[in-house]
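Got your viewer open? Let's take a walk through this one, stop by stop, with something to select at each.

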Protein chains: 2
Amino acid sequence: MIGVTLKQLRYICALDRHRHFGRAAESCSITQPALSQQIKELEALVGAPLVERGGRAIRMTALGAAFVARAQTILLGVEELSDLVRAAEGPLAGRLRLGIIPTVAPYFLPQVIKALSHDLPGLEVEMREAVTKSLIADLTEGALDLAIVALPISEPSLREYPLFDEDFVLVRPRADADRPVPSPEALQAMRLLLLEEGHCFRDQALSFCEMSGPQPRQVMEGSSLSTLVQMVGAGMGVTLIPEMAVPLETRSTAVAIARFPAPAPRRSIGLVWRRSNPLSDQLQRIGEILRRLGAPRGGGVEPVNARATAS
Amino acid sequence: MIGVTLKQLRYICALDRHRHFGRAAESCSITQPALSQQIKELEALVGAPLVERGGRAIRMTALGAAFVARAQTILLGVEELSDLVRAAEGPLAGRLRLGIIPTVAPYFLPQVIKALSHDLPGLEVEMREAVTKSLIADLTEGALDLAIVALPISEPSLREYPLFDEDFVLVRPRADADRPVPSPEALQAMRLLLLEEGHCFRDQALSFCEMSGPQPRQVMEGSSLSTLVQMVGAGMGVTLIPEMAVPLETRSTAVAIARFPAPAPRRSIGLVWRRSNPLSDQLQRIGEILRRLGAPRGGGVEPVNARATAS
DNA sequence: TAAAAATACTCCATAGGTATTTTAT
DNA sequence: ATAAAATACCTATGGAGTATTTTTA
């Protein structure tokens, strides 16, 4: 493929994303004819069409799709060249694109920001909050440098770095505070409030209750832990939240917290990043800094009744 | 690293290889000032020197070396784009750069060439004979598409495809033809003729004799199996050769062949190629074609005394 | 007929060439 | 003193722009 240019690869990838010459061109900050020309040139080099022009909508040919897939990894490699340069500039500095899942963000992020801005003052953190699947996709595509998620991810191209484990606790109406802590089986009979599809925390909670199958259950959905706790306060059911969420979410609501006896449901929170990222060593240093923070304290508002029911 | 071009990556890699602006430029078919310009431009983009200019000899900086390493994998990816296109053109056609180890080449290659030119007439095979280490290096660098070597290689980035296993046989002076076949231990006491360092066959033979350590032994070296057999004929000692070499190497020499009783020393011959090679499926097809050939027959000149001693 | 891509052409940025100077051994 | 790289300057290719035509749903 002598003669291809990185520009051409960028253009065909943009075209693959937008499926539209005009918009793809715009995304590349060039005009539509310029992009058309380069695509045409690329197809001439390849000797075969990469794009199916069909009036309204365009599609990639089979070869085109395969071509784009490879082109993307090449472009990722090129992107990583700049990370290489940054890595050589000594202590991690510049922009860090950090992803974090919604069930961790509000409770852990403040400490993360504080620790990083203290230990790595040259670092400018760019945040993105999204569910695991979306974060992992962004990571592997190079749109993100680092993510805080629940482990394990088990993606060979990604490096995992555990930070801490934490228990889940039960949130129920304050009126139920003195009742015994329900077993997983008992939980199944109660109206369980859960996050909507896509949140890993939802799956973790479900697996604790052994409700992994698609059986119809007394389940309602909320879009944030905060909402769920409010719903519990309104007497709509019970829910699980991670321990780190306790201080923030149970401040002034009519709910009670109860710990489960061992084996309590738990999750492991950690960092993930591309193994191929030249900043890998620096990212591990960030891991060390964050691990030193330990788990966000679930203490503070540690409710008395929790210990009462547990003992 | 917005703004880098593939040309610049090619140039810095050439400079890394040649350590000389003039010759690097020549290898890229441009003039020295043109290359100097592009390197300078690249260093401006990076914001740091990649090359240490030291009058006579130049060196890469630490960053430069790391940069070149990544650049090479990027360029390999680009090379593979053309393989992708070839793969889409249906039956394997065009140039195939095939490597093969010296202890297999003379005995197996004729059949390989014959089979490939029959089944894949569009294929133009480009040969390179070298020891395993060199072939593997060329494979991973993309200078070779496919290699015939002794397995296993155990390189994660390479795919292995076994073709056949074959025994090693003992070659000794014809005068010794009626003696019993020596045990591995007995072999250690004899003067064993071996290939020079680097040939995997040497190591395999040594490991059979359990002479893997660096103990001083009665060992002499030759540079080809043919030479070794001639030396045996001259009464200088004994040697091992793979079964496939028997017909060609023992035609008119005063040597006798003896098979070892089980467990006889063996080797496994197979293909290796880069997993990332887009031609992977086609290369496997080649594997299927070659596997159908079976092991090159050690028959033909199968010596009588071999069976005599074995029974 | 209307939206979208291709074509025609023009321009300018820049990669690369030649000639020369600077540098380091 | 000499080999090697940098600099100066020029040229030409080709990438990108504007204007326009062609295509097809």
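Is B:Ser29 buried or exposed? Select it and look around: B:Ser29 is exposed, because just 7 other C-beta atoms lie within 10 Å. (Buried takes 20 or more other C-beta atoms within 10 Å of a residue's own, exposed 12 or fewer, and partly exposed is in between, with C-beta atoms placed from the backbone.) B:Ser29 sits in the loop between α2 (21-27) and α3 (32-46) of chain B. Helices (H or I, at least four residues) and strands (E, at least two) are DSSP runs, numbered from the N terminus. Check the backbone too: B:Ser29 has a positive phi of about 60° although it is not a glycine.

Before moving on, a word on what you are looking at. This is a predicted model, in which local features need pLDDT of at least 70 and side-chain atom pairs count only at pLDDT 80 or more, while totals for chains, interfaces and linings use all residues. Residues are numbered from 1 along each chain as its sequence is written, and chains are lettered from A and ligands numbered from 1 in the order in which they are written.

**Stop 1: a matching loop stop**

Stay in chain B and jump to B:Ser154, in the loop between β5 (146-151) and β6 (158-173). Phi of B:Ser154 is positive as well, near 60°, and this residue is not glycine. B:Ser154 is exposed, with 7 other C-beta atoms within 10 Å. For background, most residues other than glycine have a negative phi, and most peptide bonds are trans.

**Stop 2: all of chain A**

Now colour chain A by secondary structure. You should find 12 helices and 11 strands. The C-alpha trace of chain A spans about 75 × 50 × 30 Å along its principal axes. Of the 311 residues in chain A, 36% are buried.

Next, colour by domain, with bounds that come from an automatic or database domain assignment. Chain A is assigned domain 1 (6-86), domain 2 (93-164 + 267-293) and domain 3 (166-266 + 300-310). The centres of domain 1 and domain 2 of chain A, taken over C-alpha atoms, are 30 Å apart. Where these two domains touch, each gives 6 residues to the contact (two residues are in contact if their C-beta atoms, placed from the backbone, lie within 7 Å).

**Stop 3: where the chains meet**

Show both chains. Chain A puts 22 residues into the contact and chain B puts in 22 residues. Select helix α4 (residues 62-88) of chain A: the largest share of chain A's side, 15 residues, comes from there. Chain A's side divides into 14 nonpolar, 5 polar and 3 charged residues. (Ala, Val, Leu, Ile, Met, Phe, Trp, Tyr, Cys and Pro count as nonpolar, Asp, Glu, Lys and Arg as charged, and the others, Gly among them, as polar.)

How are the two copies related? Chain A superposes on chain B with a rotation of 179° and 0.1 Å of shift along its axis, at an RMSD of 0.2 Å; the fit is by least squares on the C-alpha atoms of residues with pLDDT of at least 70 in both. The copies are thus related as by a two-fold rotation axis. To find that axis, pick A:Ile74, whose C-alpha is the nearest to it in chain A, at 2.8 Å. The copies meet through the same surface, because 100% of chain A's interface residues are also interface residues in chain B.

**Stop 4: the two sides of α3**

Zoom in on α3 (residues 32-46) of chain A. Its buried residues are A:Leu35, A:Gln38, A:Ile39, A:Leu42 and A:Val46. They fall within an arc of 100° seen down the axis, so they line one face of the helix; the arc is that of the directions from the helix axis to the C-beta atoms. Those buried residues pack against α1 (6-18), α2 (21-27) and β1 (51-52) of chain A, together with α4 (62-88) of chain B. Turn to the other side for A:Pro33, A:Lys40 and A:Ala44, which are exposed. After α3 of chain A comes A:Gly47, with a positive phi near 85°.

**Stop 5: two cis bonds**

Finish with two prolines. The peptide bond from A:Leu151 to A:Pro152 is cis, with omega near -5°, and A:Pro152 lies in the loop between β5 and β6 of chain A. From A:Ala262 to A:Pro263 the bond is also cis, with omega near 0°. Look for A:Pro263 in the loop between β10 (255-259) and β11 (266-274) of chain A.
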